[in-house]
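The following explanation is intended for a reader who meets this structure for the first time. Please keep the model in view while reading.

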Amino acid sequence: MSVAVLEPRTGRRMVYGSQTHITASVAKVNILAALLLRAQREGRSLTPWETSTAASMIQSSDNDSAGALWQRIGGGPGLSAANKVLGLTSTQAGPGTHWGLTRTTASDQLALLKTVFAGRSPLGETSRHLIQTFMGRIDADQDWGISAEGSRWQLKNGWLQRSQSQRWTINSMGRVEAHGSTFYVVVLSHGSPSMAHGISTVERAARTAVHTLRSTAPPVSPILH
């Protein structure tokens with residue numbers, strides 16, 4: 001498991017684990033960011049088809065939509081080119097049509113979240129707003145993962161059972177509002193014996209990450225009168 005958490009208001013961050021993990025459907029945020037960068041470069045908005053396909057890809061985690069947009073961005077080479085602009089240095093695009101086998105680190109996914117939610121970003125305001133909107137409208141059956149810690153959230157989850165080991169890759173990343181502050185949280189994991197076990201583990205890690213970061217906050221000095 002790898003975990004990364006950032007409180008953007010203070011800049012405090014923690015990262016545990018530097019190994020790469022298979023993204024599964026978490027890659028869909030990266031695919032959409034690459035599509036939006038391409039549209040920006042071409043000086044245009046997304047077409048109605050691109051917008052509806054992107055909505056299906058993020059909100060419902062539709063794999064056919066992801067495959068179509070993977071082709072639209074130029075596959076792995078297109079994703080890699082976009083990631084140079086986005087500042088992702090340890091993400092390797094999946095081979096051929098296998099976008100879900102893209103490998104990444106928690107630090108890289110935290111960097112991606114910053115491009116989606118932070119003010120200073122290669123993604124324009126309209127592009128960031130679109131991704132944020134879709135990540136805030138995830139289908140109800142996918143409301144798990146980092147959303148376990150927080151009252152409001154915008155997220156994308158990924159899950160994949162590996163054919164050889166039958167073990168599960170379970171990932172979750174996004175922004176949560178909790179304890180009067182905002183946090184960007186990434187949890188990447190593999191090797192769970194079941195999807196339910198993986199989700200429980202990821203949720204426990206997300207809670208622990210936020211609580212641990214909060215506990216490292218410097219004490220507030222009392223105001224003397």
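How many cavities of 30 Å³ or more does the structure hold? The model, which is a predicted one, holds one such cavity. Rolling a probe the size of a water molecule over the atoms shows where empty space is left. The volume of the largest cavity is about 30 Å³. Its lining is formed by Thr23, Val26, Ala27, Asn30, Leu79, Thr91, Thr102, Thr104 and Gln109. By class, three of these lining residues are nonpolar, six are polar and none is charged.

The pockets may be considered next. The largest pocket contains about 210 Å³ of space. Its lining consists of 14 residues, and those nearest the centre of the pocket are Ala24, Trp99, Gly100, Leu101 and Leu160. Strand E5, which spans residues 152-161, contributes the most to this lining, with three residues. The lining of the largest pocket comprises five nonpolar, seven polar and two charged residues.

The second largest pocket has a volume of about 160 Å³. Around it stand Leu36, Ala39, Gln40, Arg44, Ser45, Leu46, Thr126, Ser127 and Leu130. Two elements each give two or more residues to this lining, namely helix H1 (27-41) and helix H6 (125-135). The lining of the second largest pocket is made up of four nonpolar residues, four polar residues and one charged residue.

Attention now turns to helix H3. Which residues of helix H3 (residues 63-72) are buried? They are Ser65, Ala66, Leu69 and Trp70. These four residues lie on the same side of H3, because they cover an arc of only 140 degrees around the axis. An α-helix has 3.6 residues a turn, so residues three or four places apart point the same way. On the other side of H3, by contrast, Asp64 and Gln71 are exposed. The cover over the buried residues of H3 includes H1, helix H2 (48-59) and helix H4 (75-86).

The surroundings of the two ends of H3 can also be described. At the N-terminal end, Asp62 acts as a cap, with a side-chain oxygen placed 3.4 Å from the backbone nitrogen of Asp64. Just after H3, Gly74 adopts a positive phi of about 95 degrees.

A final region concerns two histidines. His179 is located in the loop between strand E6 (168-178) and strand E7 (181-192), whereas His211 belongs to helix H7 (residues 195-215). Are these residues buried or partly exposed? His179 has a relative accessible area of 42% and is therefore partly exposed. His211 is likewise partly exposed, because its relative accessible area is 38%; the range for this class runs from 20% to 50%.

His179 and His211 are separated by 32 residues in sequence, and their C-alpha atoms are 9.3 Å apart in space. When neighbours within four places in sequence are left aside, His179 is in contact with Glu149, Val210, His211 and Arg214. With residues up to four places away in sequence not counted, His211 touches Glu149 and His179. Glu149 thus appears in both sets of contacts. The side chain of Glu149 also makes a polar contact of 2.6 Å with the side chain of His179. As a further point of orientation, Met135 lies 44 residues from His179 along the chain, and the C-alpha atoms of these two residues are separated by 21 Å.

Note on methods: Residues are numbered from 1 along each chain as its sequence is written. This is a predicted model: local features need pLDDT of at least 70, side-chain atom pairs count only at pLDDT 80 or more; totals for chains, interfaces and linings use all residues. Side-chain values use heavy atoms; hydrogens and water are left out. On a 1 Å grid over the protein atoms alone, a cavity is a set of points where a 1.4 Å probe fits but cannot get out, and a pocket is an open set with protein on both sides within 12 Å along at least five of seven lines; lining residues have an atom within 4 Å of a point. Grid points are joined across faces, edges and corners, and a volume is the space filled by probe spheres set on the points. Ala, Val, Leu, Ile, Met, Phe, Trp, Tyr, Cys and Pro count as nonpolar, Asp, Glu, Lys and Arg as charged, and the others, Gly among them, as polar. Buried means under 20% relative accessible area, exposed over 50%, partly exposed in between (1.4 Å probe, protein chains only). The arc is that of the directions from the helix axis to the C-beta atoms. Contact means heavy atoms within 4.5 Å. A polar contact is a pair of N or O atoms within 3.5 Å; within protein, one must be able to donate a hydrogen and the other to accept it, and residues adjacent in sequence count only if both atoms are side-chain atoms.
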